[in-house]
Amino acid sequence: MSDEERVNDEGANEPENAETPLVLPGPPEEPQAEADDAEDGDTRPSPTVEAAVEPVVESAVEPIVEPAVEPVVESPAEPVTAAPAAPAEIDIPIPTVARPPLIAGNWKMNLDHLQAIAHVQKVAWSLKDVKHDFADVEVAVFPPFTDLRSVQTLLSADKLALRLGAQDVSPQGPGAFTGDIAAAFLAKLDVRYVIVGHSERRQGHGESSETVAAKAAAASAAGMVPVICVGETAEDLEAQGAAAVPLAQLEAALAGLPTGSEYVVAYEPVWAIGSGDPASPEQAQEVCRALRRRIAELRGPAEAAAIRLLYGGSVASQNIAGFMRQPDVDGALIGGASLDAAEFTRIVQFRKHVTA
Ligand code: PGA
């Protein structure tokens with residue numbers, strides 16, 4: 001879309017190329033008697049800069065030489081300074097495509113490998129009980145690193161359709177990085193998704209946006225799908241509104257990902273995580289919509305249409321339906337509630353709570 005079309009489309013701003021010619025402020029070359037002099041009751045002609053020393057006072061016998069004050073040269077009637085317009089929202093049409101919902105359970109640092117096996121078995125049985133269709137709603141679990149091998153073995157032995165995810169990854173390849181886990185090791189364990197940039201790592205481990213970008217790139221290069229977490233703190237919300245920080249975090253995280261690569265974005269307002277106080281579905285939609293539009297601007301409408309956006313932060317079976325009704329929310333990242341197999345199953349079954 002050209003600038004002109006965009007302006008016509010949005011109609012809200014007055015950019016420099018609007019039809020009204022700009023009148024720049026400054027002394028007019030040929031000052032004339034101004035209408036506003038009359039308003040003041042001042043009948044004197046407007047002084048020019050040159051003639052200022054001897055203004056003509058109509059009835060004066062002797063010319064009164066006024067003190068040599070700088071004559072006030074009135075600005076032209078309406079000086080139009082090019083006001084710094086808010087950046088126009090670029091209206092890129094995003095095609096409508098079906099995005100399979102993803103319900104992802106982030107266990108955080110909970111459940112050892114034995115507990116993990118028991119928990120995944122429970123989740124699998126209860127989803128089987130309700131005849132869950134994994135092609136309709138994708139389900140993933142994100143256990144701690146030490147559980148991954150056990151869960152992978154269980155999923156493959158029992159041919160379970162649950163997807164496996166990891167909670168973090170090193171931005172480095174294998175080497176002398178004590179305590180880190182390389183993307184290649186995760187890929188070898190059939191890990192499909194990797195969370196990067198969770199707020200508990202950004203805050204608790206000082207992870208910068210550059211680190212998050214490098215982790216997303218490392219996961220993607222190893223054939224996995226990064227789940228890029230973005231979200232504002234309560235202070236950010238107060239100071240900048242809901243979308244500013246998530247948009248900046250998204251843009252930074254995408255910097256290292258080749259266009260066309262698969263990724264998921266999880267919008268998780270920090271104030272909503274683990275607080276029992278989720279964002280409203282409308283708040284989640286507003287930010288997810290802004291995120292999708294930013295993806296369209298940065299990487300094109302096709303990618304924006306295909307990328308799944310999740311909401312995370314105090315999601316439970318009682319509130320999942322509201323989020324899933326939103327057009328730009330394609331799933332949820334669930335912490336606490338994913339540790340309860342029955343509750344997690346109810347969340348996965350959100351279609352049963354979504355009334356048309
Ligand atoms: P919560 O956590 O569901 O316990 O709020 C979500 C998350 O941190 O991913």
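Helix 7 (residues 209-221) lies across strand 4 (193-196) and strand 5 (225-230). The helix runs at about 175° to strand 4. This is a predicted model. Its eight strands close into a barrel, and 13 residues surround the ligand.

**Helix 7 and Ala221**
- Ala221 has its place in helix 7.
- Is Ala221 buried or exposed? Ala221 is partly exposed, because 16 other C-beta atoms lie within 10 Å, and a buried residue would need 20 or more.
- Ala221 and Leu257 are 36 residues apart along the chain. Their C-alpha atoms are separated by 8.6 Å.

**The barrel**
- The strands follow the order 1-2-3-4-5-6-7-8 around the barrel, and the pairing is parallel.
- From one strand to the next, the twist averages 25°.
- Strands of a sheet pair through backbone hydrogen bonds, either parallel or antiparallel.
- Strand 7 (residues 308-312) pairs with strand 8 (residues 331-334) in the parallel sense, over two bridges.
- Tyr311 stands opposite Ala332 in strand 8.

**Helix 4**
- Helix 4 covers residues 145-157, 13 residues in total.
- How far apart are the end C-alpha atoms of helix 4? They are 19 Å apart. The expected span is 18 Å at 1.5 Å a residue, so the two values agree.
- Asp147, Leu148 and Val151 of helix 4 are buried.
- An α-helix has 3.6 residues a turn, so residues three or four places apart point the same way.
- What covers the buried residues of helix 4? The cover includes helix 3 (113-129), strand 2 (138-142) and strand 3 (163-166).
- Lys159 comes just after helix 4 and takes a positive phi of about 50°.

**The ligand shell**
- Which of the 13 residues around the ligand are the closest? They are Asn106, Ile273, Gly312, Gly335 and Gly336.
- By class, the shell has seven polar, five nonpolar and one charged residues.

**The chain as a whole**
- The secondary structure comes to 13 helices and eight strands.
- The chain has 356 residues, and buried residues make up 35% of them.
- Take the contacts between residues at least 6 apart in sequence: 73% of these join residues at least 24 apart.

Note on methods: Residues numbered from 1 in each chain as written. Predicted model: local features only at pLDDT ≥ 70, side-chain atom pairs only at ≥ 80, totals over all residues. Near = placed C-beta within 6 Å. Nonpolar A, V, L, I, M, F, W, Y, C, P; charged D, E, K, R; others polar. Pairing = 2+ DSSP bridges. Helix = DSSP H or I, 4+ residues; strand = E, 2+ residues; numbered from the N terminus. Axes fitted to C-alpha atoms, helices over the stretch in contact; angles between N-to-C directions. Contact = placed C-beta atoms within 7 Å. Buried ≥ 20, exposed ≤ 12 C-beta atoms within 10 Å, placed from the backbone. Expected span 1.5 Å × (residues − 1).
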